[in-house]
Protein chains: 2
Amino acid sequence: MKEYVNQPHYLVAVDCIVFGFDDGQLKILLVKRGLEPEINKWSLMGGFVGAEETPDEAANRVLKKLTGLEGVYLELLNIYGEPDRDPIERTLSVGYFALIDIHKYETQLIDNYHAEWFPINEIPKLIFDHNRMVAEARKKLKFKASLHPILFEMLPKKFTIPQLQTLFEQVNDTKMDTGNFSRKVTSTGLLIRLEEKDKSNSKKGAYYFKLNKKSYAESFNDLLSL
Amino acid sequence: MKEYVNQPHYLVAVDCIVFGFDDGQLKILLVKRGLEPEINKWSLMGGFVGAEETPDEAANRVLKKLTGLEGVYLELLNIYGEPDRDPIERTLSVGYFALIDIHKYETQLIDNYHAEWFPINEIPKLIFDHNRMVAEARKKLKFKASLHPILFEMLPKKFTIPQLQTLFEQVNDTKMDTGNFSRKVTSTGLLIRLEEKDKSNSKKGAYYFKLNKKSYAESFNDLLSL
DNA sequence: ACAAAAGTGTTTTCTATACACCCATGA
DNA sequence: TCATGGGTGTATAGAAAACACTTTTGT
């Protein structure tokens with residue numbers, strides 16, 4: 001037990017990189033920081049890890065406070081622990097990235113925090129090392145999505161294949177053939193076609209699909225390249 | 001600044017899951033814990049994060065202390081933060097997995113810590129949540145290795161293709177065709193064949209290869225499925 | 001009728017897999 | 001010489017990529 005004595009103790013925070021997809025663009029949710037230092041600067045949404053919770057739970061709590069959403073897709077990104085990253089006091093931050101359906105969050109809460117969605121390529125200067133966190137999150141999202149069908153987490157319940165394709169293209173920073181994409185994605189068995197069509201982007205209209213939740217759940221056990 | 005007041009502070013530790021490959025087996029390095037509680041039980045090698053270092057640096061320091069090695073492949077695994085995971089005092093632990101060339105560590109140091117290599121399928125009961133960490137590390141290694149050529153980190157400078165194949169099979173818990181494996185791996189451009197052969201496993205002998213360091217470095221920018 | 005997005009058909013290329021078979025050599 | 005692991009050759013199947021072309025319907 002002696003070794004525990006005199007070891008330094010630190011503040012531990014969580015910061016969330018919240019991804020959403022809207023209007024054909026991959027976006028990130030940022031808040032105007034409400035406390036000193038750097039008050040009123042843009043920042044990631046975060047909070048301290050409380051005495052009775054794990055970092056995961058803290059991230060979920062923060063996310064719920066900001067968006068009203070529960071059961072959000074959350075994944076550990078990295079630990080940020082430069083001794084001087086927070087000028088007030090040493091704080092280790094656990095970074096998480098979250099994928100949410102951008103149309104489901106509660107506007108009221110967002111307003112309370114003076115939060116705004118920023119297109120991924122138009123992120124402003126953020127406090128501390130938050131810009132680095134965003135860059136790493138983007139990269140990790142890309143790798144993760146190459147083996148796991150997680151991007152559906154950012155789409156509404158009903159979505160079209162062209163919509164899904166745009167999201168893929170945004171995440172991977174690439175263009176792909178529409179015909180091949182359509183076939184590839186329908187062949188996975190993850191999608192169920194609905195009768196309804198979305199005619200907002202073409203006269204012909206694109207069928208809406210929904211996730212096949214059973215296949216989706218199972219796919220998380222496997223390596224699946226989509 | 002007011003918000004920083006009265007936030008709880010915690011101990012922050014690192015724990016390393018050290019993988020090595022020897023005798024055709026994937027192994028993990030464990031130590032006999034030297035402090036209370038649970039003294040003399042098997043455990044991962046760990047230590048507290050010092051005031052002047054990041055968790056990464058702490059992990060590197062711990063690893064050097066144990067093996068004498070520097071510049072080891074280290075990657076964040078997860079953060080373990082159950083409020084009661086350490087019975088003495090709340091301690092958050094940052095788990096790392098490390099890949100080392102098992103023949104390069106310094107025996108003397110290992111002896112000092114009463115450390116031993118355990119085949120991956122014969123891990124004893126460990127303290128706290130360390131068994132869970134090992135399980136997660138194994139899974140993460142598999143996923144990571146499916147897109148990045150990191151397994152070379154566990155091989156000596158000179159290695160044969162059958163050796164590499166055995167390592168792959170161990171990590172992925174599978175068997176593959178020797179002919180196809182050989183072609184696949186040589187076609188990546190990551191390997192340079194040497195003149196020398198290893199005749200310890202066959203009369204014909206298997207060529208030694210070394211890493212093409214340039215291609216190897218570049219490959220880390222891409223998604224590469226090996 | 002026209003234009004433009006959606007998505008199907010078709011061809012070609014590439015990769016993965018299976019497996020027969022040759023190679024080298026110590027015992 | 002023969003048994004054995006190390007590899008190459010080859011044939012086939014399946015996936016990916018490229019792209020022509022049809023379908024639909026608001027204008």
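In this predicted model, the surface near DNA strand C draws on both protein chains: helix 5 (178–186) and strand 10 (206–211) of chain A, together with helix 5 (178–186) of chain B, each supply at least two of its residues. The most generous contributor is helix 5 of chain A, which gives four residues to this surface. Sorted by class, the residues near DNA strand C comprise seven charged, seven polar and three nonpolar ones.

Among the 17 residues around DNA strand C, those that come nearest are A:Arg183 and A:Lys204 from chain A, and B:Asn180, B:Lys203 and B:Lys204 from chain B. Three of these residues can be followed down to individual atoms. The side chain of A:Arg183 places an N or O atom 2.8 Å from a base oxygen of DNA strand C. From the other chain, B:Asn180 has a polar side-chain atom 2.9 Å from a base nitrogen of the DNA strand. B:Lys203 takes part through its backbone, where a polar atom is 3.3 Å from a sugar or linking oxygen of DNA strand C. Bases as well as the sugar and phosphate parts are thus represented on the DNA side: of the atoms of DNA strand C within 4 Å of the protein, 52% belong to sugar or phosphate, and the rest belong to bases.

Turning to the protein itself, the two chains also meet through their helices. Helix 3 of chain A (residues 130–147) packs against helix 3 of chain B (residues 130–147) with the axes 11 Å apart and at an angle of about 95°. Because angles of 65 to 115 degrees count as roughly perpendicular, the two helices are described as roughly perpendicular to each other. On the chain A side, the residues that meet the partner helix are A:Lys140, A:Phe143, A:Ser146 and A:Leu147, and on the chain B side they are B:Lys140, B:Phe143, B:Ser146 and B:Leu147. By class, this helix contact holds four nonpolar, two polar and two charged residues.

Chain B also offers a small piece of sheet architecture to explore. Three of its strands form an open sheet in the order 8-10-9, with antiparallel pairing. Strand 8 (159–160) and strand 9 (191–198) stand at the edges with a single partner strand each, so one side of each has no neighbour in the sheet. In general, strands of a sheet pair through backbone hydrogen bonds. Strand 8 of chain B is joined to strand 10 (residues 206–211) of chain B by two bridges, and the two run antiparallel. Within this part of the sheet, B:Thr160 stands opposite B:Tyr208 of strand 10.

Definitions and conventions:
Residues numbered from 1 in each chain as written. Chains lettered and ligands numbered in written order. Predicted model: local features only at pLDDT ≥ 70, side-chain atom pairs only at ≥ 80, totals over all residues. Heavy atoms only, no water. Near = heavy atom within 4 Å. Polar contact = N/O pair within 3.5 Å; in protein donor to acceptor, adjacent residues only side chain to side chain. Nonpolar A, V, L, I, M, F, W, Y, C, P; charged D, E, K, R; others polar. Axes fitted to C-alpha atoms, helices over the stretch in contact; angles between N-to-C directions. Parallel < 35°, antiparallel > 145°, perpendicular 65-115°, else oblique. Contact = heavy atoms within 4.5 Å. Pairing = 2+ DSSP bridges.
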